[in-house]
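Reader: Hey, I'm new to this one. Can you put it up and walk me through it?
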Amino acid sequence: MALPDLAVTNLILPETPHAVDLLCRKGHVLGVSPHAPGTAYENARVIDGRGLTLLPGLTDAHAHLREPGQEWKEDIASGLAAAAAGGFSNVMCMANTSPVNDTASITEHMTKRAAETWPGGPRLFPIGALTRGLLGKELAPMAELAQAGCVAFSNDGRPVADAELFRHAMEYAWDLGLRVIDHCEEPTMSPGAGMNEGRVSSRLGLPGQPDVAEAIQVARDVLLADYLRIPVHLAHVSCRRSVEIIERAKARGVPVTAETCPHYLHFTEAEVEGYNTLAKVSPPLRTRDDVLALIQALREGVIDILATDHAPHAAHEKETPFGEAPCGISGLETALSLSFVLTDKGMLDAADIVRLFSSNPARLFKLPHNTFTPGDPADFVLFDPRQAWKVTPESLFSKGKNTPCLGRTLTGRVMALYIGGQPVFTRGECAPAATAAASRRTHGRSS
Ligand code: DOR
């Protein structure tokens, strides 16, 4: 057997009863073996994993990185820094940039910026616009976008009202071997309300959006997927009504897949009390009953993946009256902590999180990923499930500090991310000095 050039020792691997050593060679996994104290891995760089949890690099199938055009909110360099700090080796970025990613030159600009700023990863995979300018009037040049490197198509942020156009988008995408990611909100029902219609919206006197606005479009597009026998992927599912439709459709063999986000598993409409614009998001935070339905759907495979819907906005944009604030939650850096909280409550286990945030999204969108099988890319996260950290503006690498977690203490933190066997992010004492210094140089601070 080939000898490792990198060995990370004394790690906890979910569903493995004993400590393990991860052995890598030339950027790929060689194997995972039981940890035996004192084993010398000659000629290898040996890192003491000191009981940290070993996870594969994560894939985020839904992030808004704002470049080009809104770099005061985020840019590709800061977005990928946030991704690295969150444990993501792959990031798919949405098309609602300015200009919109509806031409090959914008796609190429995105991938070029990623290669310039984070040459060793996180890898960036642009999502092409479904319609030109996201205006919902005519299809974007989907073949050109696929050729330029887009891995999916979406009108995220601007749901498509025209069912015939959406049907053609699904057909063209499938001909190109890609799938459509569907933002489901019936556009005439309180677009952009950012808050659930219910008791809290009535008390606050805010216009709310009912859950049925999401479910109506989920039903429409599930029917299209059934009729066409072409897959559709439903973005950021937020409510029980949608889950029930997806569950019935899957039981009948309809090719539908779905995602939800950590914020829908933790927060409810109550978070908006006090006109809290940090909890304004589209689709909105719902009720406790919806939270429970989503968690059960994740456990049972009705919802296939977790995604962050990382949507950074500047502080001055959120510090406005509720109705004027943009929708969105900055999510890349809190995603894994929020997901692991559910393991403490016994609602998900670590293996579910690996499936939902790594293997399933990577398989769905055909991205490189690590299942710790020999030959896989050595993309891995060292995670400390016990480390408590306070979410402050300074603790986040993203320019977007807009999260309801702000000021709260979370438990569980990414200590390091390796991509292709190289450390691209390290924190604290886990940091090989050179990488920590480079990270500070690039991002202006350590955390
Ligand atoms: O809350 C949201 N913000 N939902 C979206 O679909 C778009 C996103 C954004 O781009 O800010």
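Author: Sure. One term before we start: a polar contact here is a pair of N or O atoms within 3.5 Å. By that cut-off, D156 makes one with the ligand, as a polar side-chain atom of D156 lies 3.3 Å from a ligand oxygen atom. Keep in mind that this is a predicted model.

Reader: How much of the ligand's accessible area does the protein cover?
Author: The protein covers 92% of the 290 Å² that the ligand has on its own.

Reader: And where does the ligand sit?
Author: In the largest pocket. There, 14 residues surround the ligand, and the closest are R66, N96, H183, S282 and C327.

Reader: Let's take R66. How far is an N or O atom of its side chain from an oxygen atom of the ligand?
Author: That distance is 2.8 Å. H64 has a side-chain N or O atom facing a ligand oxygen atom too, at 3.4 Å.

Reader: Switching topic: what's the mean pLDDT of the protein chain?
Author: The mean is 95, and 96% of the residues reach 70 or more.

Reader: Where is confidence lowest, and where is it highest?
Author: The low point is helix 13, residues 433-443, with a mean of 38. The high point is strand 6, residues 58-63, at 99.

Reader: Which residues have pLDDT under 50?
Author: Residues 430-447 stay under 50. The model still has 31 contacts for that stretch beyond four places in sequence. Where pLDDT is low, though, the predicted coordinates shouldn't be read in detail.

Reader: Okay, now the backbone. Which peptide bond is cis around P68?
Author: The one from E67 to P68, with omega near 10°. P68 is in the loop between strand 6 and helix 1, the helix spanning 76-86.

Reader: And what about the bond from G121 to P122, cis or trans?
Author: That bond is cis, with omega near 10°. P122 falls in the loop between helix 2 (104-117) and strand 8 (123-126).

Reader: Why point those out?
Author: Because most peptide bonds are trans.

Reader: Last one: is phi of R50 positive or negative?
Author: Positive, near 35°, and R50 is a residue other than glycine. Most residues other than glycine have a negative phi. You'll find R50 in the loop between strand 4 (45-48) and strand 5 (53-56).

Notes
Residues are numbered from 1 along each chain as its sequence is written. This is a predicted model: local features need pLDDT of at least 70, side-chain atom pairs count only at pLDDT 80 or more; totals for chains, interfaces and linings use all residues. Side-chain values use heavy atoms; hydrogens and water are left out. pLDDT is the predictor's confidence in each residue, from 0 to 100. Helices (H or I, at least four residues) and strands (E, at least two) are DSSP runs, numbered from the N terminus. Contact means heavy atoms within 4.5 Å. A residue is near a molecule or strand if one of its heavy atoms lies within 4 Å of it. A polar contact is a pair of N or O atoms within 3.5 Å; within protein, one must be able to donate a hydrogen and the other to accept it, and residues adjacent in sequence count only if both atoms are side-chain atoms. Accessible areas come from the Shrake-Rupley method with a 1.4 Å probe; for residues, only the protein chains shown count as cover. On a 1 Å grid over the protein atoms alone, a cavity is a set of points where a 1.4 Å probe fits but cannot get out, and a pocket is an open set with protein on both sides within 12 Å along at least five of seven lines; lining residues have an atom within 4 Å of a point. A molecule sits in a cavity or pocket if more than half of its atoms lie within 2 Å of its grid points.
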